[in-house]
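Hi everyone, thanks for coming along. I'd like to walk you through one model this morning, so please have it open in your viewer.

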Amino acid sequence: MVWRKVAEKNTIGDNRGEEFEIDGKKIAIFNHDGYHALDALCVHQDDSIATGKLDDNIIECPSHLWHYNIKTGELQDYLKCVKLQTYPVEERNDGIYIDL
């Protein structure tokens, strides 16, 4: 795995998410109680979760209201044992980095 800079510091607002494309992969990074990164596409119909409503650690897919935990990637409703891939992410002096 390789650490990659994806954004400048302070570009993802508090309690917000942003989608980034890295090597053809869509990743959502959320700024809530630290930074959290996971696959950006909901497993239901491949819509982005990055712009969904964030309530504590739960992001709601804006298209069909499926809910994922941003720390674990686990789907909170409908199907058991479904989860989005999560990735290590950290804020450094010169930006926000993700380990892919």
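I'll take the strands at the end of the chain, then the charged pairs, then a histidine.

One thing before we start: this is a predicted model, so please hear everything I say as a description of that prediction.

Let's begin with strand β10, residues 95-99. How many of its residues are buried? Five of five, so β10 is mostly covered, because buried here means under 20% relative accessible area. Now look at what β10 pairs with. On one side of the story we have β9, residues 89-92, which runs antiparallel to β10 and is joined to it by four bridges. β9 and β10 form a hairpin, with two residues between them. If you want a pair to click on, Val89 stands opposite Ile98 in β10. The other pairing is with β1, again antiparallel and again over four bridges. Here you can pick Trp3, whose bridge partner in β10 is Asp99.

Please keep Trp3 on screen, and add Arg92. Which ring faces does Arg92 lie over? One is the face of Trp3, at 5.1 Å from the ring centre. Another is the face of Tyr97, at 4.3 Å from the ring centre. Arg92 also has a charged partner: its side chain meets that of Glu90 in a salt bridge, 2.7 Å from N to O. As for exposure, Arg92 is partly exposed at 29% relative accessibility, and Glu90 is partly exposed as well, with 32%. While we are on rings, a search of the whole structure for aromatic pairs finds zero.

That brings me to the salt bridges in general. The structure holds five of them, and besides Glu90 and Arg92 I'd like to show you two more.

The first to show joins the side chains of Asp23 and Arg4, at 2.7 Å from N to O. Where do these two sit? Asp23 is in the loop between β2 (16-22) and β3, while Arg4 is in strand β1, residues 3-7, so the pair ties together parts 19 residues apart in sequence. Asp23 is exposed, with a relative accessible area of 61%, whereas Arg4 counts as partly exposed at 31%.

The next one is Lys71 with Asp33, where the closest N and O atoms are 3.5 Å apart. Lys71 belongs to the loop between β7 (67-69) and β8 (86-87), and Asp33 to the loop between β3 and β4, so this pair ties together parts that are 38 residues apart in sequence. Lys71 is partly exposed at 38% relative accessibility; Asp33, at 63%, counts as exposed.

Now stay in that loop between β3 (25-31) and β4 (35-39), because His32 is found there too. Is His32 buried or exposed? Its relative accessible area is 13%, and that is under the 20% cut-off, so His32 counts as buried. What does His32 touch? Leaving aside residues up to four places away in sequence, it touches Asn15, Leu54, Asp56, Asn57 and Ile70. With Asn15 there is also a polar contact between the side chains, at 2.6 Å.

So, if you take the model home, I'd suggest three views: Arg92 over the faces of Trp3 and Tyr97, the salt bridge of Lys71 with Asp33, and buried His32 with its polar contact to Asn15. Thanks for listening, and I'm happy to take questions.

Definitions and conventions. Residues are numbered from 1 along each chain as its sequence is written. This is a predicted model: local features need pLDDT of at least 70, side-chain atom pairs count only at pLDDT 80 or more; totals for chains, interfaces and linings use all residues. Side-chain values use heavy atoms; hydrogens and water are left out. Buried means under 20% relative accessible area, exposed over 50%, partly exposed in between (1.4 Å probe, protein chains only). A polar contact is a pair of N or O atoms within 3.5 Å; within protein, one must be able to donate a hydrogen and the other to accept it, and residues adjacent in sequence count only if both atoms are side-chain atoms. Contact means heavy atoms within 4.5 Å. A salt bridge is a side-chain nitrogen of Lys or Arg within 4 Å of a carboxyl oxygen of Asp or Glu. Rings of Phe, Tyr and Trp (its six-membered ring) pair if their centres lie within 6.5 Å; planes under 30 degrees apart count as stacked, over 60 as edge-to-face and the rest as tilted. A charge sits over a ring if NZ of Lys or CZ of Arg is within 6 Å of the ring centre and within 35 degrees of the ring normal. Two strands pair if DSSP finds at least two bridges between them.
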